[in-house]
Every structure is written in structure tokens, then in C-alpha cells.
Amino acid sequence: MQVSGVSLSRRERSPVTRPAPLPLLSLTGIRKRFGERLALDSLTLRLERGEVLGLLGPNGAGKSTLVACVVGLLRPDQGEVRFDSRPLDRRALARIGVAPQELALYPDLSG
């Protein structure tokens with residue numbers, strides 16, 4: 001093998017190691033409380049690029065609260081949300097969208 005005029009013997013060659021890809025979304029230790037009601041308790045999640053996540057559970061399980069924390073509508077009481085390896089900020093929020101299934105709020109909004 002020839003590298004910039006330097007020849008490497010077979011023993012000197014090392015396998016190329018690539019760092020693990022950074023997650024698209026990571027949540028670490030997310031906690032959210034509404035008064036005495038604990039909605040999310042130390043939730044940790046890692047979502048890689050190309051993965052799809054479904055949230056299933058009964059009413060009151062914390063699904064909507066989790067989505068609201070991810071899209072910046074609510075701030076967690078504890079923990080960190082990172083999008084594309086950065087803390088959730090205006091640039092990150094500009095790249096995130098949510099399409100709610102129920103449109104209960106939209107009749108109250110004007111054009």
C-alpha cells in the first residue's frame with residue numbers, strides 16, 4: 001500500500017474505524033410534572049436517522065407531553081432534549097414539526 005510516498009507493510013495496516021453516528025434525537029433524563037401529577041419520569045430515548053418511533057399507551061401515559069417537550073411547546077422540569085446533537089434551540093425547532101391527529105385547537109385559530 002502506498003500513502004504519500006510511504007509504503008506500509010501488511011502488519012502496519014490498521015482497520016479503519018468510524019465513530020458511531022450521532023443520534024438525530026436524544027432525550028436524557030426527561031422529567032415533567034404538572035402539580036402533583038408526574039407525567040414523565042427520567043425518560044431516556046435515542047432516535048437514529050431513518051428510524052421511526054411510535055408512541056403507544058393509554059390516555060394520560062405521557063405521549064402528548066413527550067411530543068410537546070420534543071417540539072419545544074413545553075420545557076422539561078429536568079433532563080435534556082438534543083436534536084441533531086445540539087440542545088433544543090431556535091435553529092433546531094425550525095427543523096421540527098408536528099401534525100396532531102386531533103385538531104381540537106384549530107377552530108380557535110384565525111387565518
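A cavity, on a 1 Å grid laid over the protein atoms alone, is a set of points where a 1.4 Å probe fits but cannot get out; a pocket is an open set with protein on both sides within 12 Å along at least five of seven lines, and lining residues are those with an atom within 4 Å of a point. Those terms return in the later views. First, some ground rules: the model is predicted, local features need pLDDT of at least 70, side-chain atom pairs count only at pLDDT 80 or more, and totals for chains, interfaces and linings use all residues. Residues are numbered from 1 along each chain as its sequence is written, and side-chain values use heavy atoms, with hydrogens and water left out.

**View 1. The whole protein has two helices and six strands.** Helices here are DSSP runs of H or I with at least four residues, strands are runs of E with at least two, and both are numbered from the N terminus. Starting at that end, the elements go β-β-β-β-α-β-β-α. Of the 111 residues, 18% count as buried. Buried means under 20% relative accessible area, exposed means over 50%, and partly exposed is what falls in between (1.4 Å probe, protein chains only). The accessible surface adds up to about 9,100 Å², and 53% of it belongs to carbon and sulfur atoms; such areas come from the Shrake-Rupley method with a 1.4 Å probe, and for residues only the protein chains shown count as cover. As for reach along the chain, take the contacts between residues at least 6 apart in sequence: 47% of them join residues at least 24 apart. A contact needs heavy atoms within 4.5 Å.

**View 2. Four strands make an open, antiparallel sheet.** Reading across, the order is β4-β3-β5-β6. The edges belong to β4 (37-47) and β6 (86-87), each of which pairs on one side only. For two strands to pair, DSSP has to find at least two bridges between them. β3 (residues 25-34) and β5 run antiparallel to one another over five bridges, with leucine 27 standing opposite valine 81 of β5. On the way to the β6 edge, β5 (residues 78-83) and β6 are joined over two bridges, again in the antiparallel sense.

**View 3. A hairpin links β5 and β6, with two residues between them.** Phenylalanine 83 has arginine 86 of β6 as its bridge partner. In the loop between these strands sit aspartate 84 and serine 85. What is the sign of phi at aspartate 84? Positive, near 55°, in a residue other than glycine. Serine 85 isn't a glycine either, and its phi is positive at about 70°. With 27% relative accessibility, serine 85 counts as partly exposed.

**View 4. One cavity of 30 Å³ or more turns up in a search of the whole structure.** Rolling a probe the size of a water molecule over the atoms is what shows where empty space is left. The largest cavity holds about 30 Å³ of space. Grid points are joined across faces, edges and corners, and a volume is the space filled by probe spheres set on the points. Its lining consists of Phe83, Asp84, Arg86, Asp89, Arg91, Ala92 and Arg95. By class, that makes two nonpolar, no polar and five charged residues. Nonpolar covers Ala, Val, Leu, Ile, Met, Phe, Trp, Tyr, Cys and Pro; charged covers Asp, Glu, Lys and Arg; the others, Gly among them, go down as polar.

**View 5. The second largest pocket has a volume of about 250 Å³.** It is lined by 13 residues, and the closest to its centre are Cys69, Leu74, Arg75, Pro76 and Leu88. Two or more lining residues come from each of β5 and α2 (90-93). Which element gives the most? That's β5, with three residues. Sorted by class, the lining splits into seven nonpolar, two polar and four charged residues.

**View 6. Threonine 65 is in helix α1 (residues 63-70).** Is threonine 65 buried or exposed? At 13% relative accessibility, threonine 65 counts as buried. Leaving out residues up to four places away in sequence, the neighbours that threonine 65 touches are Lys32, Phe34, Ala39, Leu40 and Leu74.

**View 7. Glycine 60 is in the loop between β4 and α1.** Glycine 60 counts as exposed, because its relative accessibility is 52%. Glycine 60 and alanine 39 are 21 residues apart along the chain, and 7.6 Å separates their C-alpha atoms.
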